[in-house]
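These exercises are worked with the sequence and the 3D structure side by side. Try each task before reading its solution.

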Amino acid sequence: MRAICLASALVLGAGALTSCVPADAAIRTDFGFSVEPSTVRAGGDVTLRVVRNEACRGEAAVNSPVFDLVTIPPQESWATATVDWDAKPGAVYDVEFECDESSGTARLTIAGGRPTHHPTHHPTRHPHKGVHAGEGGTIAGFDLKEIGLGAALIAGSLGVAYHFARRRTDEDAG
């Protein structure tokens, strides 16, 4: 009986850990890429980044249903795109990155509301001006709310699993 309780606790814990992965997490490929910010209002600008390495030396193409096709030349590592004004608030869209023989998908969430003005100029390319550093290591893009919520979910699920495992043990013994 104890093995069943332990297995249940492990499955519950694993489920809690997998549920903590953010919805906007990128699917990993042979090269790095990102959409910043991962949540934007309709009509807002996003920065599309690629990490240049052996798997991504040529032109990178970035496509999504909510903005026009953007190409990032080989000598550059980022470009901007303007999200369509008719993007549905609350919707999550795929952003597809293709470079050389590799591809991957990131998520872009459309926030509620609309910007108060229409920008008049939308540059789609920027010259590469050195390395973009200072992202903070492996927790780049996370905020304290996400980290706190994930920790609370994990702690809560482990506490509930422990409680039920101990309660059944006490009932079996008594």
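**Exercise 1.** Is F31 buried or exposed? Decide the matter for F33 too.

Solution. The model is predicted, and the values below are computed from it.
- Step 1: Take the cut-off, which is under 20% relative accessible area for a buried residue.
- Step 2: F31 has a relative accessibility of 3%, so F31 is buried.
- Step 3: F33 has a relative accessible area of 8%, so F33 is buried.

**Exercise 2.** How many aromatic pairs does a search of the whole structure find? Describe the pair of F31 and F33.

Solution. Two quantities are needed.
- Step 1: The search of the whole structure gives 2 aromatic pairs.
- Step 2: For F31 and F33, the ring centres are 5.6 Å apart and the planes make an angle of 55 degrees.
- Step 3: Planes under 30 degrees apart count as stacked and those over 60 as edge-to-face, with the rest called tilted. The pair of F31 and F33 is therefore tilted.
- Step 4: Ring pairs join F31, F33 and F97 in a cluster.

**Exercise 3.** Which strands stand at the edges of the sheet β2-β8-β7-β4-β5, and why is one side of each left without a neighbour?

Solution. Read the strand order from end to end.
- Step 1: The sheet is open, has 5 strands, and its pairing is mixed.
- Step 2: The edge strands are β2 (39-41) and β5 (67-72). Each has a single partner strand, so one side of each has no neighbour in the sheet.
- Step 3: From one strand to the next, the twist averages 25 degrees.
- Step 4: Within this order, β4 (residues 60-64) and β7 (residues 92-99) run antiparallel and are joined by 4 bridges. N63 stands opposite E96 in β7.

**Exercise 4.** Which strands are at the edges of the sheet β1-β3-β6? Then find what stands opposite S34.

Solution. Proceed as before.
- Step 1: This open sheet has 3 strands, and the pairing is antiparallel.
- Step 2: β1 (33-36) and β6 (78-82) are the edge strands, and each pairs on one side only.
- Step 3: Neighbouring strands here are turned by 20 degrees against each other on average, with direction ignored.
- Step 4: Between β1 and β3 (residues 45-50) there are 4 bridges, and the two run antiparallel.
- Step 5: The residue opposite S34 is R49 in β3.

**Exercise 5.** Where does R49 lie with respect to W78?

Solution. Use the distance to the ring centre.
- Step 1: R49 is 5.5 Å from the ring centre of W78.
- Step 2: The position of R49 is over the face of W78.

Notes
Residues are numbered from 1 along each chain as its sequence is written. This is a predicted model: local features need pLDDT of at least 70, side-chain atom pairs count only at pLDDT 80 or more; totals for chains, interfaces and linings use all residues. Side-chain values use heavy atoms; hydrogens and water are left out. Rings of Phe, Tyr and Trp (its six-membered ring) pair if their centres lie within 6.5 Å; planes under 30 degrees apart count as stacked, over 60 as edge-to-face and the rest as tilted. Buried means under 20% relative accessible area, exposed over 50%, partly exposed in between (1.4 Å probe, protein chains only). A charge sits over a ring if NZ of Lys or CZ of Arg is within 6 Å of the ring centre and within 35 degrees of the ring normal. Two strands pair if DSSP finds at least two bridges between them. Axes are lines fitted to C-alpha atoms, for helices over the stretch in contact, and angles run from 0 to 180 degrees between N-to-C directions.
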